[in-house]
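Biologist: Got a minute to go through this one with me? Put it up and I'll start asking.

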Amino acid sequence: MQHITTDRLIDYIHGALVPADDAVVLAHLESCSACADEYAAEVRMSDLLREQATREERELPSMIKANVWQAIREARPTYGARLRAWLRPAFALPVAAVIVAAVFFGPTYLGHRESAPLIDAAYYLEDHAAMNGSVPFGDRSGATPAEFQSSASPDQTAAIAVPLAYAANAPQH
Amino acid sequence: MGAARKPLEPPTPEQTVFLERAIERYGKATFNFAYRLTRNEADARDLTQEAFIRVYRAWRSFVPGTSFLSWIYRIVTNLYRDELRRKKGRFQEEIPEDNAPQAFGGERPLAVTPIEDYVEGQLSESLARSLEMLSPDQRAVVVLADIEEYSYQEISEIMGCSIGTVRSRLHRARALLRRLLQQQRQQK
């Protein structure tokens with residue numbers, strides 16, 4: 001007679017066999033005392049484990065609940081929570097107004113401030129160079145940049161430093 | 001374990017009620033499950049505490065109508081696994097060499113039930129010691145299958161493994177338990 005393996009008996013005890021296999025095991029256990037004993041031993045093991053669990057059962061320590069809430073209270077908010085706080089209407093509307101104003105007026109203002117001096121500097125530099133070229137004995141003809149700067153006042157130096165830098169990088173005509 | 005690793009958001013009223021009820025109804029079961037896994041009260045406390053912080057954090061992901069216990073047992077199992085990895089550098093997966101599936105086709109040896117020879121107190125002590133000697137995964141599957149009485153399918157969902165793995169772990173764990181009990185009886 002082919003006995004049933006212990007593994008199969010364990011599956012049978014845990015209701016893990018398909019109905020057809022379950023019926024085969026049941027029929028076998030009724031006719032095979034060796035397998036019935038093995039089955040009883042496995043059932044006893046399950047019973048013992050449950051009894052052991054009951055013996056070891058513990059109440060929930062009250063400190064756990066207190067500690068969980070304490071951890072939650074003491075925790076700093078997430079970035080998401082901070083962002084949501086900022087998105088409340090009281091904060092969001094003024095911030096949105098400032099952003100809209102910056103987007104609307106920003107390019108005009110920034111464009112005027114940055115582009116105008118560069119265009120002016122280029123224009124005056126080229127104009128100045130053309131005049132010096134046409135006047136061979138002009139007072140600034142052949143002057144080195146150092147000489148040029150030493151004869152100028154600090155304000156003049158600052159005003160001309162930009163055109164000089166531009167001239168150094170400008171393409172040759 | 002114990003302290004929250006990520007920042008937490010201030011509780012909403014619904015979240016507060018959810019957590020309060022979860023601890024009230026399932027705190028004891030969760031703590032006992034954690035104790036059966038860890039076999040240590042201090043570790044079980046830490047594990048339970050951390051599990052409820054996770055519940056608080058992920059409360060929206062709980063699907064109403066499903067088993068809360070299965071959900072929190074999965075959280076506890078994963079936390080325990082993570083904790084073991086952190087402590088030991090890897091999750092122990094001990095499969096004793098002499099613990100192959102039991103198969104016999106001919107004469108069945110006498111059904112040895114060393115259990116019956118024990119005096120009640122000794123048996124409890126021996127069984128507790130034997131449970132400690134199982135690997136964490138084997139212990140978890142025994143607890144879920146024999147104490148919590150979950151099906152293999154449910155255990156596979158809680159432990160995040162296949163039904164085949166659940167089956168083989170349970171077979172090995174129970175065979176090992178019987179062997180360990182027999183060894184301890186012989187030593188006495």
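Modeller: Here are the basics, and then we can go through the details.

Modeller: This is a predicted model, so local features need pLDDT of at least 70 and side-chain atom pairs count only at pLDDT 80 or more, while totals for chains, interfaces and linings use all residues. Residues are numbered from 1 along each chain as its sequence is written, and chains are lettered from A and ligands numbered from 1 in the order in which they are written.

Biologist: What ipTM and pTM does the predictor give the complex?

Modeller: The ipTM is 0.79 and the pTM is 0.66.

Biologist: And what does chain B average in pLDDT?

Modeller: Chain B averages 83, and 77% of its residues score at least 70. pLDDT is the predictor's confidence in each residue, from 0 to 100.

Biologist: Where does pLDDT stay under 50 in chain B?

Modeller: Over residues 91-112, for which the model has 33 contacts beyond four places in sequence. Two residues are in contact if their C-beta atoms, placed from the backbone, lie within 7 Å.

Biologist: OK, the fold. How many helices and strands in each chain?

Modeller: Chain A has 8 helices and 0 strands; chain B has 7 helices and 0 strands. Those are DSSP runs numbered from the N terminus (helices are H or I, at least four residues; strands are E, at least two).

Biologist: What share of each chain counts as buried?

Modeller: In chain B, 37% of the 188 residues; in chain A, 12% of the 173 residues. Buried is 20 or more other C-beta atoms within 10 Å of a residue's own, exposed is 12 or fewer, and partly exposed is in between, with C-beta atoms placed from the backbone.

Biologist: Which residues have the most contacts inside the largest nonpolar core?

Modeller: F52(B), V76(B), V141(B) and I155(B), in a core of 57 residues. Helix 1 of chain B (residues 13-38) gives the most to this core, with 9 residues. A nonpolar core here is a set of buried Ala, Val, Leu, Ile, Met, Phe, Trp, Tyr and Cys residues joined through C-beta atoms within 7 Å.

Biologist: What does V141(B) touch outside its neighbours within four places in sequence?

Modeller: I155(B), M159(B), V166(B), R169(B), L170(B) and A173(B).

Biologist: Switching to chain A. Why is helix 1 of chain A largely enclosed?

Modeller: Because 6 of the 8 residues in helix 1 of chain A (residues 6-13) are buried. L9(A), I10(A) and Y12(A) are among them. The buried residues pack against helix 2 (19-31) and helix 3 (33-56) of chain A, together with helix 7 (163-187) of chain B. After helix 1 comes G15(A), with a positive phi near 65°.

Biologist: How do helix 4 of chain A and helix 2 of chain B cross?

Modeller: The axes of helix 4 of chain A (residues 62-74) and helix 2 of chain B (residues 41-57) come within 9 Å and cross at roughly 45°. Residues making that contact include V68(A) and A71(A) on one side and F52(B) and I53(B) on the other. Axes are lines fitted to C-alpha atoms, for helices over the stretch in contact, with angles from 0 to 180 degrees between N-to-C directions.

Biologist: Last one: is E132(B) buried or exposed?

Modeller: E132(B) is exposed, with 12 other C-beta atoms within 10 Å. It's in helix 4 of chain B (residues 120-133), and its C-alpha is 6.7 Å from that of R39(B), 93 residues apart along the chain.
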